[in-house]
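This report goes through one protein chain, beginning with its overall build and ending with a few individual residues. Please keep the sequence and the coordinates at hand while reading.

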Amino acid sequence: MRDGKFATAINCIDGRVQVPVLDWIRSYLNVDYVDLITEPGPDKVITYGTEWAYNSIFEKATLSIKTLGSRSISIVGHYDCRANPISKEEHIDQIQRSVEIIEEWRLGVRILGLWVNEWRYVDLIKDTEKKY
């Protein structure tokens with residue numbers, strides 16, 4: 001039974017970024033719930049990870065969309081990621097590439113690329129429904 005509006009977030013397992021991402025997605029997309037798919041350094045996993053990890057994320061995202069009616073997927077990178085210790089610029093590149101890869105899944109949902117900065121604020125990097 002669907003009892004509200006859902007979104008999906010592919011987020012890092014790092015607990016420091018969970019609440020800011022949940023709050024931001026609920027507010028920005030006006031949803032009630034956010035299904036979380038957590039992975040250490042998810043922007044790296046989507047762009048350079050193992051086939052097993054990539055497929056696992058894909059399957060979970062598909063499940064969220066098909067069973068709970070999620071209408072969006074957010075891919076998140078963050079400052080001081082221990083699993084993906086690269087520069088902000090490299091994270092932004094991986095986030096943008098991850099959005100492109102997720103678009104190739106053809107799941108028919110809105111895709112967001114998000115960056116959590118050093119102050120734990122969420123910056124929108126890409127929104128497939130917005131023209132830049």
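## Elements and overall build

Helices and strands are here DSSP runs, of at least four residues for a helix (H or I) and at least two for a strand (E), numbered from the N terminus. In this predicted model, the protein has 4 helices and 5 strands, and read from the N terminus on these elements follow the order β-α-β-α-α-β-α-β-β.

The protein has 132 residues and a radius of gyration of 13 Å, which agrees with the value near 14 Å that a compact globule would have. Along the principal axes, the C-alpha atoms fill a box of roughly 40 × 30 × 30 Å. Among the contacts with a separation of 6 or more, 69% join residues 24 or more positions apart. Of the 132 residues, 49% count as buried, while the protein exposes about 7,300 Å², with carbon and sulfur atoms supplying 50% of that area.

## Two nonpolar cores

The largest nonpolar core holds 20 residues, of which Ile10, Ile57, Ile73, Ile75, Ile102 and Trp105 touch the most other members. At least two residues of this core come from each of helix H2 (42-48), helix H3 (51-68), strand S3 (72-78), H4 and strand S4 (110-116), and H4 gives the most, with 5 residues. Apart from this core lies another, of 17 residues, which includes Cys12, Ile25, Val34 and Cys81.

Isoleucine 102 offers a closer view of the packing: when residues up to four places away in sequence are not counted, isoleucine 102 touches Ile10, Ile73, Ile75 and Ile111.

## The cysteine pair

How many disulfides does a search of the whole structure find? The search finds 0. Cysteine 12 is accordingly in no disulfide, and the nearest cysteine sulfur, that of cysteine 81, is 4.1 Å away. Since a disulfide requires two cysteine sulfur atoms within 2.5 Å, the sulfur of cysteine 81, at 4.1 Å from its closest counterpart in cysteine 12, is too far for a bond.

Both residues are nevertheless enclosed by the protein: cysteine 12 is buried, with a relative accessible area of 4%, and cysteine 81 is buried as well, with a relative accessible area of 5%.

## Two residues of helix H4

Glutamate 90 lies in helix H4, which covers residues 88-104, and is partly exposed, with a relative accessible area of 40%. A polar atom of the glutamate 90 side chain lies 2.9 Å from the backbone nitrogen of serine 87. Serine 27 provides a reference point elsewhere in the chain: glutamate 90 and serine 27 are 63 residues apart in sequence, and their C-alpha atoms are separated by 27 Å.

Is histidine 91, also found in helix H4, buried or exposed? Histidine 91 is buried, because its relative accessible area is 1%, under the 20% limit that defines a buried residue. Leaving aside neighbours within four places in sequence, histidine 91 is in contact with Asp43, Gly77, His78, Cys81, Asn84, Ile86 and Trp115. One of these partners, Cys81, is also among the residues of the 17-residue core.

Terms used:
Residues are numbered from 1 along each chain as its sequence is written. This is a predicted model: local features need pLDDT of at least 70, side-chain atom pairs count only at pLDDT 80 or more; totals for chains, interfaces and linings use all residues. Side-chain values use heavy atoms; hydrogens and water are left out. Buried means under 20% relative accessible area, exposed over 50%, partly exposed in between (1.4 Å probe, protein chains only). A polar contact is a pair of N or O atoms within 3.5 Å; within protein, one must be able to donate a hydrogen and the other to accept it, and residues adjacent in sequence count only if both atoms are side-chain atoms. The radius of gyration is taken over C-alpha atoms; the globule rule is 2.2 Å times the number of residues to the power 0.38. Contact means heavy atoms within 4.5 Å. Accessible areas come from the Shrake-Rupley method with a 1.4 Å probe; for residues, only the protein chains shown count as cover. A nonpolar core is a set of buried Ala, Val, Leu, Ile, Met, Phe, Trp, Tyr and Cys residues joined through side-chain atoms within 4.5 Å.
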